[in-house]
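Got the viewer open? Let's walk through this one stop at a time, with a selection to make at each stop.

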Amino acid sequence: MTTANLSQVVKVLETLYPLRYAEEWDEPGLIVGDPFAPIRKIYCAVDPTEAIVEEALEWGADLLVTHHPLFFRSVHSVSGMGFRGEIVNKLVHGHCGLWVGHTNADAAHRGVSEALADGLGLVEQTPLVPIDDPNSKYPVGLGRVGNLPRAMSLEALAHSVADLVPPTERGIDVAGDLSMQVTRVAVLGGSGDSVFDEVRASHADVYVTSDLRHHPVLDARQQALREAQLRIADDAADERAAAAVAWPAFINTPHYASEKVWFTYALEDIPAACFQQYGAMPEMKLSPTNTDPFTAHLGPSLD
Ligand SMILES: [Zn+2]
C-alpha cells in the first residue's frame, strides 16, 4: 500500500473539515510539520498537552490531530522556556506533525456537533448557526438542533448523554425538571453559551452543551419565565403557548467530554478519505487519556 505525505493528508483533513468554516478568531489547520514527511500513523486527542504529545511519540505517530489549538494568541517564541514551545520542540524532534480541527470541525458534516446529535439519535437535524456552503451536500454550521424519534423524560435524555460522552470525574449537570418530556434537542460541543438566542429561536426543549455558567443560565431562565408570564397576562387562554416559549432545560457536560465524541467519526472518516484520494490508509488511534482539568468532584450535596 502507498503512503500519503503530510501535505496530502492535510488536503484530506481540510476537505473533511474546511478551514473556511472556522470562526473569525480561530486559526486551525497545520501547526507543526514537514509537508513531505510520510504519514503512516495518526494519533488523535482533544487537547495537545505535553502528556498527549508524549503518548503520540511513544506510539510512533507521524501526525497528531487535536481538536483544541496549541496557540490561541499570536506567538513570539517557541522556546522550551514555556510549555507551548516545549510541545513544539518535542513534536519537531519526534518527527510528528500537529494539525488542529477546531471550530471548522465543530461546523462540518460529521463534525463535533453532528457526532453529538447523531449519538443522541436526533432526526431532522439542522445547524443552529448555518454556514452557507454551496459545495457541501449537507447542512453545515455551528451546533445542531433536531428531534428525538419519540419524547422522553429529561432524566432519560441526561442518562443518554452520560452514556454517550467519555467518563469524567465531574459527570454531567442538569438544569430543569427531570420528569419533563423532551423531544426537540439542541446540541453544541464545547462552550455553548454564545448561541442562547439561536437555541431559543430553534424551540428546543433542552440544550446539551458545555461550560455553562451561573449567570447566563439563571438569567436566561428568569427572562424566559417573565416573558411567559407577560404572555399569560396578555391572553389568559394562551397559557400553553406561553409555557412553550419558556427557556429550555440544560444538560451541561465537561468541555473535553462533549468534544471527544467527534473522534468516533474522525477515526472512520480520515483513513477512508485518505484511501479514496491517495490509496493510502494511515493507522489511527484515539488517546484514552482524560484531559478534563478537574480531577475530583466532592463536597456536600442536598441529598
Ligand atoms: Zn472546545
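**Stop one: around H3**

Start by selecting helix H3 and colouring its buried residues: they pack against strand E2 (29-32), helix H2 (50-59) and strand E6 (97-100). Keep in mind that you are looking at a predicted model.

Which residues of H3 are buried? Within residues 83-93, pick Ile87, Val88 and Leu91. Look down the helix: these three span an arc of only 100° around the axis, so they sit on the same side of H3. Now flip to the other side of H3, where Phe83 and His93 are exposed. Before you leave, click on His95, just after H3, which has a positive phi of about 55°.

**Zoom out**

Show the whole protein as a cartoon. You should find 11 helices and 13 strands. The radius of gyration is 21 Å, close to the 19 Å that the globule rule gives for 303 residues, so the protein is as compact as a globular protein of that length. If you want to set up a box, the C-alpha atoms fill roughly 70 × 50 × 35 Å along the principal axes. Colour by burial and 39% of the 303 residues count as buried. A contact map is worth a look too: taking contacts between residues at least 6 apart in sequence, 71% link residues at least 24 apart.

**Stop two: the six-stranded sheet**

Next, select E7, E8, E10, E11, E12 and E9, in that order: together they make an open sheet of 6 strands with mixed pairing. Strand E7 (123-131) and E9 are at the edges with a single partner strand each, so one side of each has no neighbour in the sheet. Going from one strand to the next, the twist averages 25°.

How do E10 and E11 run relative to each other, parallel or antiparallel? They are parallel, joined by 4 bridges. To see a bridge, select Val185 and its partner in E11, Val206.

**Stop three: helices against the sheet**

Add helix H5 (residues 112-119) to the selection. H5 lies across E7, E8, E10 and E11, and runs at about 150° to E10.

Finish with helix H6 (residues 154-164), where Leu154, Leu157, Ala158 and Val161 are the buried residues. They cover an arc of only 105° around the axis, which means they are on the same side of H6. What do they pack against? Turn on strands E8 (140-153), E9 (173-175), E10 (181-191), E11 (206-210) and E12 (249-253), and you have the packing partners of the buried residues of H6.

Technical notes:
Residues are numbered from 1 along each chain as its sequence is written. This is a predicted model: local features need pLDDT of at least 70, side-chain atom pairs count only at pLDDT 80 or more; totals for chains, interfaces and linings use all residues. Helices (H or I, at least four residues) and strands (E, at least two) are DSSP runs, numbered from the N terminus. The radius of gyration is taken over C-alpha atoms; the globule rule is 2.2 Å times the number of residues to the power 0.38. A residue is buried if 20 or more other C-beta atoms lie within 10 Å of its own, exposed if 12 or fewer, and partly exposed in between; C-beta atoms are placed from the backbone. Two residues are in contact if their C-beta atoms, placed from the backbone, lie within 7 Å. The arc is that of the directions from the helix axis to the C-beta atoms. Two strands pair if DSSP finds at least two bridges between them. Axes are lines fitted to C-alpha atoms, for helices over the stretch in contact, and angles run from 0 to 180 degrees between N-to-C directions.
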